[in-house]
Structures are given as C-alpha cells and as structure tokens.
Amino acid sequence: PHWHESFQKSLGQNPHVVVFDPANPAPSVRIACILGVDSLSLFAFQIPQIIEHIRHEKMGPQIRLIEICGQACSRALFEHMREVFPNATIIPFYGSSEVEDSPIGMPCRAITGEDPLALYHAKNSQHHELLDPESKSVIEFGPGVEGELVVTAFPGKPSAFPLIRYRTGDIVRIIDFCEEHKSWSFTVLGRREMDFVKIPGGIIRADEIERVLRLYPERVSDRFELHCKEESTAQGPLFAPILHIELNNESDITGLAELISNNTRISPTCTYADGVAQGRYLPLECRPLITQVVGKAKRIIHL
C-alpha cells in the first residue's frame with residue numbers, strides 16, 4: 001500500500017489507498033467506495049470475492065484501472081470482469097517476491113481478450129534468458145520458443161541487492177519481437193513445478209491430497225494429477241478441479257469424489273466440500289488416471 005501511495009503522489013495525485021481484507025470483503029469495498037477509489041490491485045483469486053460487494057455498492061463503473069497479480073487471468077475471469085467493470089483498463093502484473101526489481105515483466109498491452117491474454121516484455125533494468133529446465137542449457141530467443149525464465153536485475157539505488165541469473169521456476173513462451181518496446185514479448189505458461197494452488201479462502205496442497213488418498217489404500221493409490229481450471233457460471237467464474245486418480249477396482253468414482261472432497265482441508269477449519277456448500281467452488285470431479293509417467297510426474301496442472 002505504501003508503494004502504491006508513493007507512486008500515485010509522484011504523479012501529482014492525492015491518493016486514498018485502502019488495503020483489502022479478505023476476511024472482511026464487504027466493509028473493505030464499502031470504505032473504498034466512500035473514498036472514491038477508482039483502481040484495484042488484487043490477486044486473481046481475490047477478485048471473485050469482491051465482485052458481489054462491488055455490485056452491491058454499484059461501484060463497478062467508477063473503476064478505471066485493474067491490476068491482476070499472483071497468477072494468470074483466465075478468460076472466464078476476464079469476461080466476467082468486463083461485465084462488472086465496463087470502464088476499466090485491465091492490465092496483468094508479473095512479479096515475484098524474490099525479485100527486488102519487480103515487476104519481472106512489463107505489460108506490452110492491456111488485456112483485451114486477444115490470445116495470449118497477458119503479454120509482457122523485459123524492463124530496461126533487467127536481462128532475461130531462457131533455460132531448458134532438464135538440460136540446464138540456454139535457449140536462444142525466437143517466436144514460439146519455450147523455456148524457464150532466468151532473470152538478472154539491478155535497478156540501482158535505493159535497491160540493495162543485484163540479482164544474478166535467478167531461476168524463476170516459470171515456463172514462458174516467446175511470442176515475437178516487440179518493435180514498440182524493442183524487446184522480445186512473452187507470455188507466462190505456468191510453474192515448472194507446482195505443488196499447491198491458491199483458491200478463495202484457502203490453498204489446495206498436493207501433500208494434503210496425497211494424505212487423503214492414503215486413507216483409502218484398498219480403493220485408490222496415492223498417485224494423482226489435479227487439473228485446475230475455471231468454468232463460467234451465473235455467479236461468475238468458479239474453480240472447477242478435476243482429480244485424476246489411479247483406481248484399485250473402484251466403481252463408484254462419484255462417491256469417491258465426495259469422500260475426497262469431504263476430507264481434503266483447504267484451511268485449518270474448512271474442507272473443499274465446505275467451500276462448495278458456500279458456493280465458492282464447483283464440486284470436485286474424479287476421473288481415472290491413465291497418463292504414462294515419463295520422468296518426474298506433475299501433480300498439479302493448470303489448464
């Protein structure tokens with residue numbers, strides 16, 4: 001919040017910065033509405049938490065800018081935001097808490113619905129490389145090339161630490177050379193290895209799914225793939241997970257999905273089934289796992 005306030009003051013503005021409290025979304029939005037807030041900077045998974053309160057306060061048309069952080073904006077979320085915030089420019093933010101010279105990627109354009117939704121280029125204070133995550137060899141940039149992003153950065157004072165060849169763990173795809181910014185444009189495909197996914201009200205962890213599956217060794221093994229996606233609903237985009245599991249002569253896969261949902265904790269006091277009952281997510285779907293593993297298996301996959 002202090003960075004946002006300082007930045008706005010540097011532009012000659014008189015900012016009112018309100019910190020969003022996920023435990024109290026209604027009063028957070030109410031305060032923002034009273035103060036005339038006209039921009040939002042939120043993690044993608046927080047946006048569905050505030051939209052119903054934004055509608056209640058009739059605040060949508062006054063929002064002029066939305067910055068989406070934390071993860072890629074899905075098409076379903078973008079289309080829902082376009083309805084609620086008709087006057088807002090929506091931009092992606094690609095940063096990392098380990099990188100002092102954040103953001104890592106400067107948005108090449110606002111999100112407009114074109115594929116890819118989010119498009120970035122390197123800052124002038126950074127040098128980007130692509131790495132083959134298996135061989136560790138450097139990959140030459142070119143249209144359509146994919147690899148793990150490696151960042152070298154030092155923005156100068158008052159920053160304290162230069163960053164030298166930091167492996168982000170993110171797989172990116174080069175789109176083309178951006179003539180406007182004189183740099184290669186890229187989009188972020190996802191994490192090289194991901195063992196958790198943030199959702200409204202909690203986190204789904206791979207080790208927690210593994211723990212639950214091990215409760216029923218006669219029915220399933222502990223090998224799985226959780227495919228994460230969003231589906232459009234009348235309430236907006238909702239998290240819709242599909243858990244691919246290795247069955248041991250199991251026929252009632254729907255009942256098994258309910259059992260796993262009831263036992264998988266997303267927070268100390270809440271299970272995934274609790275979140276479904278509250279209307280936060282769609283029910284967990286289970287399917288047989290038929291993938292042949294070559295190398296290290298990926299347990300959580302973003303679609």
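This is a short walk through the strands, one helix and a few odd backbone spots of the structure above. Keep in mind that we're looking at a predicted model.

Okay, let's start with the run of strands in the middle of the chain. Find strand β6, residues 126–131. β6 is mostly covered, with five of its six residues buried. On one hand β6 pairs with β7, residues 138–139, antiparallel and over two bridges. If you want a pair to click on there, leucine 130 has isoleucine 139 of β7 as its bridge partner. β6 and β7 make a hairpin with six residues between them, and in that turn lysine 136 has a positive phi of about 70 degrees.

β6 also pairs with β8, residues 146–153, again antiparallel, this time over six bridges. Glutamine 126 sits opposite alanine 153 in β8. Now hang on to alanine 153, since leucine 163 in β9 is a bridge partner of that residue too. That takes us along to β9, residues 163–178, which pairs with β8 in the antiparallel sense over six bridges.

From β9 we go on to β10, residues 183–191; those two are antiparallel as well, over eight bridges. One of the pairs is aspartate 176 with serine 185 in β10.

Let's stop at serine 185 for a second. Is serine 185 buried or exposed? It's buried: the relative accessible area is 5%, and the cut-off for buried is under 20%. And who does serine 185 touch, leaving out residues up to four places away in sequence? The list is Cys108, Leu119, Tyr120, Arg173, Ile174, Ile175, Asp176 and Cys178.

Right, on to the turn between β9 and β10. That hairpin has four residues between its strands. Lysine 182, in that loop, has a positive phi of about 55 degrees even though it isn't a glycine. As a reminder, most residues other than glycine have a negative phi. Lysine 182 is exposed, at 59% relative accessible area.

There's another lysine to look at, lysine 58, in the loop between α3 (47–56) and β2 (65–69). Lysine 58 also has a positive phi, near 55 degrees, and is exposed with a relative accessible area of 70%.

While we're on backbone, look at aspartate 115 and proline 116. The peptide bond joining them is cis, with omega at about -10 degrees. Most peptide bonds are trans. Proline 116 is in the loop between β4 (105–107) and β5 (120–122).

Now swing round to the later part of the chain. Here four strands form an open sheet, in the order β19-β16-β13-β20, with mixed pairing. β19 (285–288) and β20 (300–302) are the edge strands; each has a single partner, so one side of each has no neighbour in the sheet. On average, neighbouring strands in this sheet are turned by 25 degrees against each other, ignoring direction.

Inside that sheet, β13 (residues 220–228) and β16 (residues 242–247) are antiparallel over five bridges. Histidine 227 has isoleucine 242 in β16 as its bridge partner. Then there's helix α5, residues 206–213, lying across β13, β16 and β20 and running at about 145 degrees to β13.

Last stop, back near the start of the numbering. Trp3, Phe7 and Leu11 make a nonpolar surface patch of about 360 Å². Leucine 11 is in the loop between α1 (2–10) and α2 (25–35).

That's my tour.

How values were computed
Residues numbered from 1 in each chain as written. Predicted model: local features only at pLDDT ≥ 70, side-chain atom pairs only at ≥ 80, totals over all residues. Heavy atoms only, no water. Pairing = 2+ DSSP bridges. Axes fitted to C-alpha atoms, helices over the stretch in contact; angles between N-to-C directions. Contact = heavy atoms within 4.5 Å. Buried < 20%, exposed > 50% of the residue type's maximum accessible area, 1.4 Å probe, protein only. Patch = residues over 30% accessible without salt bridge, like charges linked within 9 Å, V, L, I, M, F, W, Y side chains within 5 Å. Areas by Shrake-Rupley, 256 points an atom, 1.4 Å probe, with all protein chains shown as cover. Salt bridge = Lys/Arg side-chain N within 4 Å of Asp/Glu carboxyl O.
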